[in-house]
There are 2 protein chains.
Amino acid sequence: MLSKKAKYAVKALLALAERGGEEPMRIADLARQEQIPQKFLEAILLSLRNHGMLQSRKGKGGGYLLGRDPKAIYLGQIVRLFDGPLAPVPCASQTAYVRCQDCQDEATCGVRLAMKDVRDATARILDGTSLSSLRRRVERLTPARARRG
Amino acid sequence: MLSKKAKYAVKALLALAERGGEEPMRIADLARQEQIPQKFLEAILLSLRNHGMLQSRKGKGGGYLLGRDPKAIYLGQIVRLFDGPLAPVPCASQTAYVRCQDCQDEATCGVRLAMKDVRDATARILDGTSLSSLRRRVERLTPARARRG
DNA sequence: ATATACTCTAGTTATTAGATAGACTATATC
DNA sequence: GATATAGTCTATCTAATAACTAGAGTATAT
């Protein structure tokens with residue numbers, strides 16, 4: 001399951017990517033636009049900032065903007081930041097391997113074999129999808145009238 | 001994350017598949033062999049039985065055995081039974097779709113698009129892996145000396 | 001009969017997700 | 001340099017759930 005935190009983070013980043021440019025967006029506006037509880041969003045944005053995916057400006061005219069090129073922000077990073085490793089089981093994780101206590105012989109554990117496949121497939125997708133590539137996909141699906149309006 | 005329940009279920013089923021045949025295996029033996037808390041395992045096995053993946057025999061000489069051909073028991077069924085839909089987000093589920101409350105336009109939601117890909121990839125793996133195919137994979141990895149021993 | 005072994009109901013405990021409150025700090029602008 | 005603006009930080013709170021446990025009940029083989 002994707003946590004709300006991770007989901008909100010992706011939504012917020014996508015919104016900021018869509019906006020683009022140098023104009024920061026206020027938390028309150030982001031929260032309203034994306035239907036996210038503001039105080040909850042604040043913590044999420046802060047965390048994204050502390051990991052370089054966002055930058056912030058205080059005071060009047062302040063707010064948040066992307067911390068780097070949206071081509072270089074991948075869903076995998078976002079999801080790992082909030083939800084931990086992608087693997088369904090710690091012993092199948094590439095980035096945060098942990099041995100299982102139960103498990104006679106890890107090398108021939110069926111659960112691990114299957115879950116490693118799931119992890120790999122998930123990582124291929126999430127580490128292969130950047131904010132900008134996801135934006136492009138969304139754009140292609142958006143009806144022309146909605147884009148004009 | 002895969003729950004312990006789902007993990008134990010797969011391990012138990014795999015052990016019973018390996019055993020094969022008509023001889024039932026006692027809960028206590030299964031629990032010891034697979035390092036699973038017995039009372040916890042009891043509930044899991046019962047659930048698997050109630051969904052046709054196992055059958056049971058009471059009394060002396062009783063225990064559990066597979067409810068059908070291991071070629072027809074897929075990881076996807078097991079995981080869904082204990083952990084619910086495979087999709088990381090309910091709006092991306094094929095088998096248990098639920099709309100999100102937040103979400104202006106579902107058709108162009110970036111989160112949903114990406115998570116649908118993850119779901120599809122996961123389903124392709126788990127619904128494509130049966131107990132017997134997984135067993136075969138494990139066997140191929142088992143060193144010859146372990147098989148002889 | 002009786003021992004065996006599964007079945008069922010009802011807990012317990014610890015952790016975490018999701019959200020909220022409020023004080024604090026930096027900055028733009030007049 | 002006062003003041004409004006807007007992000008930053010700490011501390012909680014609550015409800016839900018995962019993981020596990022206890023114990024009485026029921027069916028079956030011998």
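Mentor: Ala, Val, Leu, Ile, Met, Phe, Trp, Tyr, Cys and Pro count as nonpolar, Asp, Glu, Lys and Arg as charged, and the others as polar. Please keep in mind that this is a predicted model.

Trainee: How many residues of each class does the surface near DNA strand C have?

Mentor: That surface has twelve charged, seven nonpolar and five polar residues.

Trainee: Which residues come nearest to DNA strand C?

Mentor: Of the 24 residues around the strand, these are A:Lys4, A:Lys39, B:Ser56, B:Gly63 and B:Tyr64. Of the atoms of DNA strand C within 4 Å of the protein, 72% belong to sugar and phosphate.

Trainee: Where do A:Lys4 and B:Arg49 lie relative to the phosphate oxygens?

Mentor: A backbone N or O atom of A:Lys4 is 2.9 Å from a phosphate oxygen of DNA strand C. For B:Arg49, a polar side-chain atom lies 3.2 Å from a phosphate oxygen of that strand. With four residues, α3(B) gives the most to the surface near DNA strand C.

Trainee: How should one read the interface between the two chains?

Mentor: The size of an interface is often given as the accessible area lost when the parts come together. Here, about 3300 Å² is buried between chain A and chain B, and carbon and sulfur atoms give 68% of this area. In chain A, the residues that lose the most area to chain B are A:Asp102, A:Val111 and A:Leu113, together 16% of what that side buries.

Trainee: How many salt bridges are there between chain A and chain B?

Mentor: There are two. One of them joins A:Arg137 to B:Asp117, with the closest N and O atoms 2.9 Å apart. On the side of chain A that touches chain B, α5(A) gives the most, with eleven residues.

Methods: Residues are numbered from 1 along each chain as its sequence is written. Chains are lettered from A and ligands numbered from 1 in the order in which they are written. This is a predicted model: local features need pLDDT of at least 70, side-chain atom pairs count only at pLDDT 80 or more; totals for chains, interfaces and linings use all residues. Side-chain values use heavy atoms; hydrogens and water are left out. A residue is near a molecule or strand if one of its heavy atoms lies within 4 Å of it. A polar contact is a pair of N or O atoms within 3.5 Å; within protein, one must be able to donate a hydrogen and the other to accept it, and residues adjacent in sequence count only if both atoms are side-chain atoms. Helices (H or I, at least four residues) and strands (E, at least two) are DSSP runs, numbered from the N terminus. Buried area is the accessible area (1.4 Å probe) that two parts lose on being put together, summed over both. A salt bridge is a side-chain nitrogen of Lys or Arg within 4 Å of a carboxyl oxygen of Asp or Glu.
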